[in-house]
Amino acid sequence: MAAAPPAVAVPPAAARRTGALVLGGLGAVLLGLIYRRTAAALWTVWTTNDNYSHGPLVPLVSLALVVLRRDRLRALPRRSDARGLLLVALACAMQVTGLRADVLTLQGWSGIAMLFGLSLSLLGGPRTRALALPIGYLAFMLTFPPFVMNRLSFALKEVAVGVAARAATWLGVTLQRSGMTLWVAGGALEIEDPCSGLRSLLAMLATGVLFAALLRGRAWRRLLLVALSVPMAMAGNALRVTMLAVTAHYAGIPRAVGLFHDVSGYLTYGLSLAGLLAAWALLRPRPETPRP
């Protein structure tokens, strides 16, 4: 009778790691089944609505923020917290309500609440606090209620058209404003919703939060950097409308609303981004030089 092969001892750490991978895989599959309709709807919005065209980049940035925090996460204790199950239950209720009412915004926030609940339940409070920014950053990929977007778009257009009308007048342009229309010598230049600057504002806010996450020093520096992204985006859009008005006056309406219209959008956004980079460089704490 042949002897039985000796049993192979599995290290406890390897067993725990394997169990964690299996549970993580099952959890990912379950989340995919719960949020598959939400993910498909978000992808449709990202690819059809210019205001949310930055959406596909947000999960990648969030994942990069997690990778940057990996050493800090490993050093923190891992203690499960049952209070996270309350967030999981709340997220499930939000998802069911959002699906039944066909409210994509509620479904998106359900996903973020679910991630916070799972993190608190499985990883504990210290690690969840370290992951708060990467998880919260996912809010930039979500949609907002239409009435909020419409009001914000109108307010941004009001500011941009008002500033552009004054700036173009200073540059020698003869115009007359009527609501959101600038009448110049060549005709009417209508400022539509795509020129409100809402798209650049959302993108600049997401970029400002990312730069703030990479900024060292006190919290007021990061908050100031995020706050500066708003006026920089608005100033860039006002500059764009001013350039369109000047071009319409001197070169005609067709030239202003043609290729120059699209190029000016990228140009002014690049200028706003350069201003945000300059603010980031100025807000970085300087290394202290030793005194002799």
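This is a tour of a predicted model, stop by stop, with a selection to make at each one.

**Whole chain**

Start with everything shown as a cartoon. The chain has 292 residues, and 37% of them are buried. Its secondary structure consists of 13 helices and 3 strands. Now switch on the surface: the accessible area is about 17500 Å², and carbon and sulfur atoms account for 68% of that area. For contacts between residues at least 6 apart in sequence, 73% join residues at least 24 apart.

**Helix α2: two tryptophans**

Select residues 36-48, which are helix α2, and show the side chains of Trp43 and Trp46. The two residues are 3 apart in sequence, or about one turn of the helix. How many aromatic pairs does a search of the whole structure find? The search finds 2. Trp43 and Trp46 form an aromatic pair of the edge-to-face kind, with 6.2 Å from centre to centre and 70 degrees between the planes. Trp46 counts as buried because its relative accessible area is 12%, under the 20% limit.

**Helix α4: a salt bridge within one helix**

Move to residues 70-75, helix α4, and select Asp71 and Arg74. Their side chains meet in a salt bridge, 3.6 Å from N to O. The two residues are about one helical turn from each other because they are 3 residues apart in this helix. Are Asp71 and Arg74 buried or exposed? Both are exposed. The chain has 3 salt bridges by the rule used here, and two more stops show the others.

**Asp81 and Arg83**

Select Asp81 and Arg83 next. These two form a salt bridge in which the closest N and O atoms are 2.7 Å apart. The partners differ in accessibility: Asp81 is buried at 16% relative accessibility, whereas Arg83 is exposed at 58%. Keep Asp81 on screen, as this residue returns at a later stop.

**Glu158 and Arg177**

Now select Glu158 and Arg177, which form a salt bridge with the closest N and O atoms 3.0 Å apart. This pair links distant parts of the chain: Glu158 is in helix α9, residues 146-170, and Arg177 is in strand β1, residues 176-178, with their positions 19 residues apart in sequence. Glu158 is partly exposed, having a relative accessible area of 36%. Arg177 is partly exposed as well, at 33%.

**The loop before α6**

Select Asp102, in the loop between α5 (84-101) and α6. What is the phi of Asp102 near? The angle is near 60 degrees, a positive value in a residue that is not glycine. Most residues other than glycine have a negative phi. Asp102 counts as exposed, with a relative accessibility of 66%.

**Helix α6: two serines and a tryptophan**

Continue into helix α6, residues 104-122, where Trp109 lies. Trp109 is partly exposed at 35% relative accessibility. Add Phe144, Phe147 and Val148 to the selection: with Trp109 they make a nonpolar patch on the surface, and the accessible area of the four together is about 370 Å².

Further along the helix, select Ser119. Ser119 is buried, with a relative accessibility of 7%. Setting aside neighbours within four places in sequence, Ser119 is in contact with Gly124, Thr128, Leu131 and Ile135.

Then select Ser121, also found in helix α6. Ser121 is buried too, its relative accessible area being 11%. Which residues does Ser121 touch, not counting those up to four places away in sequence? They are Ser80, Asp81, Gly84, Leu85 and Val88. Asp81 is the salt-bridge partner of Arg83 from the earlier stop.

**Strands β2 and β3**

Finish with residues 181-184 and 187-190, which are strands β2 and β3. The two strands run antiparallel and are joined by 4 bridges. A hairpin of 2 residues connects β2 to β3. To see one facing pair, select Trp183 and Ala188: Trp183 stands opposite Ala188, which is in β3.

Key
Residues numbered from 1 in each chain as written. Predicted model: local features only at pLDDT ≥ 70, side-chain atom pairs only at ≥ 80, totals over all residues. Heavy atoms only, no water. Phe/Tyr/Trp six-rings, centres within 6.5 Å; stacked < 30°, edge-to-face > 60°. Buried < 20%, exposed > 50% of the residue type's maximum accessible area, 1.4 Å probe, protein only. Patch = residues over 30% accessible without salt bridge, like charges linked within 9 Å, V, L, I, M, F, W, Y side chains within 5 Å. Areas by Shrake-Rupley, 256 points an atom, 1.4 Å probe, with all protein chains shown as cover. Contact = heavy atoms within 4.5 Å. Pairing = 2+ DSSP bridges.
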